[in-house]
Amino acid sequence: MKTKVYNNLPNNLEKEFEYLFRNKQQYTIKPLLTKKLKNVFLSHWGLLLHRLIMPLQSAENLVGFYDKTFYIKHWKLVLEQYLVCRFGKSLQSIDLNDSQEYFTIHTFWFGYFSWFTTNLPRLLKVYKSNPQAVLLLPEKISMMPYVIESLKLFDDLKIVIIKDAHHLFIKNYIFVQVR
């Protein structure tokens, strides 16, 4: 179900500038979609590969078709990382082949703003619908104060910290789209 969001006009706004904000007073947000995927590869940057394709809406800047070269550049990167992890020895990877379901909320383009506007809504979506799922969190992100404080709100959230520069092969993955 879509959510309607209403905003008040800014305080002390002069009449002549109201037209700039009037069309932004109300908008709708579609609910985030989730999908269970089997046998995925996740790069240490949060780029997802499933059946040798990067799902659209799997990362913030892979939404829509603004620039097809942008997608190709990152697809080549994650495909190369997958091939080296699968058949080579120069990149470190971890196999998560158990029956547990895992999910991630970080992407390559991570920061304070995206944590609150993109990542936490993705966490809430999975946490509400699948509370037994395990959050995979990169080591570097797990040490950020605002991340630590936010995750304290989820008492029974299971978290696995992934060492930096480790890629993942995941048997059961919950994919949450990025807006």
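Visitor: How many aromatic pairs does the count come to?
Guide: The count is seven aromatic pairs, in a model that is predicted.

Visitor: What makes Y112 and F116 an edge-to-face pair?
Guide: The ring centres of Y112 and F116 are 5.0 Å apart and their planes stand at 65°. Rings pair if their centres lie within 6.5 Å, and planes over 60 degrees apart count as edge-to-face. Both conditions are met, so Y112 and F116 form an edge-to-face pair.

Visitor: Why are Y112 and F116 separated by about one helical turn?
Guide: Because they are four residues apart in helix α3.

Visitor: Is Y112 buried or exposed, and how do you know?
Guide: Y112 has a relative accessible area of 53%. Exposed means over 50%, so Y112 is exposed. F116 has 36% relative accessibility. Partly exposed lies between 20% and 50%, so F116 counts as partly exposed.

Visitor: What makes the pair of Y127 and F154 edge-to-face?
Guide: The ring centres of Y127 and F154 lie 4.9 Å apart and the planes are at 75°. An angle over 60 degrees counts as edge-to-face, so the name applies to Y127 and F154.

Visitor: Which parts does the pair of Y127 and F154 tie together?
Guide: Y127 is in helix α3, while F154 is in the loop between α5 and β8 (158-162), so the pair ties together parts 27 residues apart in sequence. F154 counts as buried because its relative accessibility of 12% is under 20%.

Visitor: Which residues form one aromatic cluster?
Guide: F41, Y82 and F169 form one such cluster.

Visitor: Which residues have the most contacts inside the largest nonpolar core?
Guide: They are F103, L123, L135, L151 and L157, in a core of 17 residues. Two or more residues each come from α3 (112-129), β7 (134-138), α5 (145-151) and β9 (166-176). The largest share, four residues, comes from α3.

Visitor: What is F103 in contact with, leaving aside its neighbours within four places in sequence?
Guide: F103 is in contact with L123, V126, A133, V134, L135, L136, L157, Y173 and I174. A second core of 13 residues is separate, and includes L37, V40, L48 and F175.

Visitor: Why does I94 count as partly exposed?
Guide: I94 has a relative accessible area of 29%. That value is neither under 20% nor over 50%, so I94 is partly exposed. I94 is found in strand β5 (residues 92-96).

Visitor: Which residues does I94 touch, not counting those up to four places away in sequence?
Guide: I94 touches I162, H166, H167, L168 and F169. With H167, the C-alpha separation is 6.3 Å, although I94 and H167 are 73 residues apart along the chain.

Visitor: How do you know that N12 is exposed?
Guide: N12 is at 79% relative accessibility. The cut-off for exposed is over 50%, so N12 counts as exposed. N12 is found in the loop between β1 (3-6) and α1 (19-22). Its phi is near 60°, a positive value in a residue other than glycine.

Visitor: What makes L52 partly exposed?
Guide: L52 is at 44% relative accessibility. That lies between the 20% and 50% cut-offs, so L52 counts as partly exposed. L52 lies in the loop between β4 (48-50) and α2 (68-87). For L52, which is a residue other than glycine, phi is near 65°, a positive value.

Visitor: Which residues lie nearest the centre of the largest pocket?
Guide: H44, W45, P138, K140 and I141 lie nearest its centre, among 20 lining residues. β7, α4 (139-142) and β9 each give two or more residues to the lining. The volume of the largest pocket is about 330 Å³. By class, its lining has eleven nonpolar, six polar and three charged residues.

Visitor: How many helices and strands does the protein chain have?
Guide: There are five helices and nine strands. From the N terminus on, their order is β-α-β-β-β-α-β-β-α-β-α-α-β-β.

Visitor: What percentage of the residues in the protein chain is buried?
Guide: Of the 179 residues, 38% are buried. Among contacts between residues at least 6 apart in sequence, 71% join residues at least 24 apart.

Key. Residues are numbered from 1 along each chain as its sequence is written. This is a predicted model: local features need pLDDT of at least 70, side-chain atom pairs count only at pLDDT 80 or more; totals for chains, interfaces and linings use all residues. Side-chain values use heavy atoms; hydrogens and water are left out. Buried means under 20% relative accessible area, exposed over 50%, partly exposed in between (1.4 Å probe, protein chains only). A nonpolar core is a set of buried Ala, Val, Leu, Ile, Met, Phe, Trp, Tyr and Cys residues joined through side-chain atoms within 4.5 Å. Contact means heavy atoms within 4.5 Å. On a 1 Å grid over the protein atoms alone, a cavity is a set of points where a 1.4 Å probe fits but cannot get out, and a pocket is an open set with protein on both sides within 12 Å along at least five of seven lines; lining residues have an atom within 4 Å of a point. Grid points are joined across faces, edges and corners, and a volume is the space filled by probe spheres set on the points. Ala, Val, Leu, Ile, Met, Phe, Trp, Tyr, Cys and Pro count as nonpolar, Asp, Glu, Lys and Arg as charged, and the others, Gly among them, as polar. Rings of Phe, Tyr and Trp (its six-membered ring) pair if their centres lie within 6.5 Å; planes under 30 degrees apart count as stacked, over 60 as edge-to-face and the rest as tilted.
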